[in-house]
Amino acid sequence: MVLPRRYFPIHVALICLLEWTHISGFNLDTLNVLRKDGEPGSLFGFSLAMHRQLNPSDKTILLIGAPRAKALANQRANITGGLYSCDITTESDDCDRIDFDNEEDVRVENKENQWMGVTVNSQGPGGKIVTCAHRYQRRLFVDTAQESRDITGRCYILSQDLTIDASSDEDGGNWRFCEGRARGHERFGSCQQGLAATFTKDYHYVVFGAPGAYNWKGIVRVEQKNNTLLERGFYDDGPYEVGDENLLDPDLVPVPANSYLGFSIDSGHSITKGRGLTIVSGAPRANHCGAVVLLRKENEASARLSPEYILEGPGLASSFGYDVAVVDLNGDGWQDIVVGAPQFFMKEGDFGGAVYVYINQAGKWDKITPIRLNGTKDSMFGLAVENIGDINQDSYQDIAVGAPYADAGAGKVYIYHGSANGINTKPAQILEGMPNNIRLFGYSLAGNMDLDKNSYPDIAIGSLSDTVLVYRARPIISIKKDICFLLTQLNYNPFVVYTIRYAFEGEADRRKQGLPSRILFLNKSRTDQDFQSTGTLDLRGQNKRACIKTKIKLQDNIRDKLRGIPIEVSLGIQGTKRQKRQNALPQLVPILDNSQPSKVNFLKEGCGNDHICQSNLQLEYRFCSKELNQDIFPPLPMENGLPVISLSDQKDIALEVTVKNRNGDDAHEAKLVGMFPNALSYSGFRSQKMTVIITLVARPSQVYFGGDVKGESAIKTEEEIGSLIDYEFKIINLGKPLKSFGTASLDIQWPKENVDGKWLLYLVKISTTGLEEIPCSPETEINSLKHVQESSTSRKKREVGGKKSGGNITLLDQKKHKILMCGNGYDARCVVIKCPLQGLDSSAVIALRCRLWNATFLENYASFNYLDIIVKASISLDAPAKNMVLRNAETQVRVTVFPEKAVTQYGGVPWWIIVVAVLAGILMLALLVFLLWKCGFFKRAPQDQYDAAYHKAQIHVQASDKEKLTTEA
C-alpha cells in the first residue's frame, strides 16, 4: 500500500509563562555586574544590607559598612569606621557616608578604632536600620593614675530615611546595655556589644550579640523601645537576655568560657515545636568545636532567654557557628537552619570549610542529621552564609555561601537552591572574584531583595578589597510547548516583548543511521535543508499564546509506513525588544527554561479500527556449536540456565532464532535486528581455534645480594636498592581479538614484601610494546618511593651485563633454601598488578623493571644458600556474559637469589657442625690415648733400673785425655 501525498499543517503553540517552573538556575547575571568602590583601607564591604525606603520616596538602597573608615569632622579620633549608602546605579563611586555619631566626649569615651559599621541590618521595607561599633570604649577616671577603659560596644538605630528621628525612642546611639554594669573581663568589661545585630522578622525586636561578656562566654539580648507597640497593647517589651536581665548570672549561660556566644545571630518563627519566636546564635569556640544555640523567652514573667536546643559542632576547631542563616529551603512552613564552619577540615580529604544544613523536622531537632556541603582546601568555605530568597522563583528559598580564600585568595561565592527535598547539594552557580580583580571576594553577603524591580531578588557580595559587587537576577522564561495538528491557521498578536528562535528538525536518529528522511519541509528558509525549518516568533509577555505554522510533505515511495515520524522542536531566546526603561540599569536578557523534550510522532493508520498495529511476535533462540566440517549445530551445554561457552576450544558459536506471530495483526516489514554485545562478533567465516599464550621471562634468572644494609630513607638512587630484575610478559593471541569478548587484563601476582612487611621486590617501572599506553593499577605500587631516582639506560645495561659470583655450594648446603611466592604457607605478601590489554589483537609485550631489596635479604635471609622468587601471571576476562571463560592463560617464572661469598662467610658455620666436630675431636683424642696406653707408653720403670741405665749412658773422660785435648787446642 502506498500512502497518498499529503500536506500536514503543524501549529506550535508557544506559551511564555512568568510563573516559572523549576530549572537549573544560573540566572545571576555576570556580564552587567554593578560595582561599588570605597576608600582604600577602609574595609568598605565588611558588612552589607539591602534596604527599601518607602518615605519620603520609594527606593532601594545598598548599605555598606566600612569599619576602618576615617573619622568624621567632629570626632576626635583618626579612624572610627562608618556606614555608606549606595544607590543602585552603574556608577562605582556614588556611595555617600551617612552622617551620624559625629561627636565625641573624650572625657568619658574613646572612638579610635571603634569599628563602626562592623555589622549592619535592615528591618525590612519602611523599617529601621541598626549598625554597631563593637570596639567602642568607655573611659573611667580620665587623666588619673586609675584611668581605665572598658570595651563595651555601642549600636545606633536609624530611621528608614537614614536619619535619626529625635522624637523616636528607638533612634540614636543609646543602645549600649553593657555600660554601667560590673566591670572586668569576667563580667562586662569586654562586652563588645554589636559584633552581631539584627531585627526579628516581625518588626518587633532588635537582637544584639555581645560575645565578650562573662569571660567571653557571650550573651544575646532581645529588646525593643517602640511606643507604637505599647499603644497597641504589646507590653512584653523585655528586655530578655541570656543570663537573665535581672540576675546577671553567668552560670545561666549555656556555653563555657571563651565560646563567643552572640558572634552570629538570626531569628525566626516555626523553628521549634512551639512555633514562637526563636533566636539562633552561633558560639564558634564552644567546647573547641563550636555550637549553635536555639534560644527562646523562658516565660512571660521572666527576663531570661533560655536554650531550647543546642546544635553541637562536629569538627575540632571548625568554628561551627561562625555565621548562621534561618531559611525555609523545602517550603514546608518550618524554618531550617544553615550553619557555617569555615575552618572545618578532614585529615584524609582536601576540605577547606563546610556548611551544615539542618532541615527542620517539625521542630524535632534531636532527630535531624545535617547535610554537609564541603568547600575546597584553604577556602574558608562557610565564612558567610545568607538567605538570598527565592532567586529562581521556583517557590523554594535559596542560600549563598562565601569562600573568600578560594582561588588562592581571590574568593568565590556558591549559590545553592532549595527544593522539595531540602537543598540541592550541587551549586547552581559559582561566582568568582578573580575576573573582577578582587581579593577575598565573598567575605560578606546580602540578598533577599529585588533591587532593579524585575521581581527577582538580587545579591550583593562584599570583599576585603574595599569593593562590593551587586549581581542582579535575570528573569527566567519557561516555555511550554504544545504541539497540535490543525487544518486552519491561528492568528497571533504582532505586539511583542521577547523574540524566540525556533527550529524544526525531522527524523534526526534515522539520518544518523545513514537513512534518508521520509519528510521534507515546504516553508523552509533558503539556508535550511529539506528536513529543517527555522524561524523566529515574538512573545508579548506572560501567559500569552502565539502560534506558527509549517507544512511537511511525505516523500514518494517510502517503505516504512508504520513507525512514527519524530519531529524535534528546539527553542532559544534571540533577543528582546527595547521598551521604556524603569531605571538607568542595563537591560538583562532572560534565561530560557528549555529542559522539556519536544518531539512529535505521527499516528499510524491501518492495523485495525484503532489504527494501532498490535502484532504478537514471539521469539525463541538458543546457542549452538558447529561440528568440524559439518553443518550440524548441536546446542551448547547449559549451567544454571545459561549456555556455557569455552573461549579456549570453541570454534564458532551459532545463534538459532525462531520468530512466530501468534494470532496478532499483520507484522508488515518485520525485521530481525541482532544487537550483539562486544563479547560476540558476527563472522561469515569459520575462525581459527582461539588460543592465548603467555610467556614470562626474567632477566637475569639469577641475582645476588650483599654489601651493607641501607634503610629506606637513606636510599637516593635506584641502584642503591639492589640487583636489577627485568620481567617480560609476552601475550600471544592466536584467535579473535580479546576486546571483542570484553575487557581483558593481565593479572600479576607480585611478591611485594615478606611476612614482616619488609620489601622483597620494588617495582620501578612498567612499559608496553604493541599496546596502547595502559594504566596498570594500583598506580601507587609503581615507584612508590618518590625520592628514589631512576637509573639511566646505559647504567641499566652495564648492571644487567655484570654478574656477581656467589660462594661455593656443597652438596650439604644445597638443602638450605627457601621459596618466596604468593599463597598460604609461603613467606611473601603479594599485591595484584592489573594491566588492561587495550587493543590486543595479536601480540603484546609488558615489561616490568624491578629491584631486589638488598637490605631485606641481608637481614632476613643471609643464612640461606639460595632462595627462589616465583612471580605468577594470568589473563582475566571481564565479559558482560558471565559464562565466558579463558582457560590455560597463566604462567609463572622463577628467579634464584644467591648471597655473595662474603655474605655466605658472614653467615657462619651451622651450630650442629661445630658440635659434631668437637665431639669427633674428643673421640679421636681418646682413641690415641688408649693406643699409647696399650703400648705401655704411660708405664714407669723402677728407680734402680733408671739409675743403671743412666750410668750406662754416661761417658767418663780420662785425665790423660783431658791434657791431650788441651795441648792440641
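Me: A polar contact is a pair of N or O atoms within 3.5 Å, where within protein one must be able to donate a hydrogen and the other to accept it, and residues adjacent in sequence count only if both atoms are side-chain atoms. With that in mind, what does the side chain of lysine 217 reach?

Reply: This is a predicted model, in which local features need pLDDT of at least 70 and side-chain atom pairs count only at pLDDT 80 or more, while totals for chains, interfaces and linings use all residues. Residues are numbered from 1 along each chain as its sequence is written, and side-chain values use heavy atoms, leaving out hydrogens and water. The side chain of lysine 217 reaches the backbone oxygen of proline 250 at 3.0 Å, and this is a polar contact because the limit is 3.5 Å.

Me: Why does lysine 217 have no salt bridge?

Reply: The nearest side chain of opposite charge, aspartate 251, is 4.6 Å away, whereas a salt bridge needs a side-chain nitrogen of Lys or Arg within 4 Å of a carboxyl oxygen of Asp or Glu. Lysine 217 is nevertheless buried, meaning under 20% relative accessible area, with exposed being over 50% and partly exposed in between (1.4 Å probe, protein chains only).

Me: What makes asparagine 215 count as partly exposed?

Reply: Asparagine 215 has 26% relative accessibility, so this value falls between the two limits for buried and exposed. Asparagine 215 also has a positive phi of about 60°, although it is not a glycine.

Me: Which peptide bond at proline 700 is cis?

Reply: The bond joining arginine 699 and proline 700 is cis, with omega about -10°; another cis bond runs from asparagine 55 to proline 56, with omega near 5°.

Note on methods
Lys, Arg positive; Asp, Glu negative; His and termini not counted.
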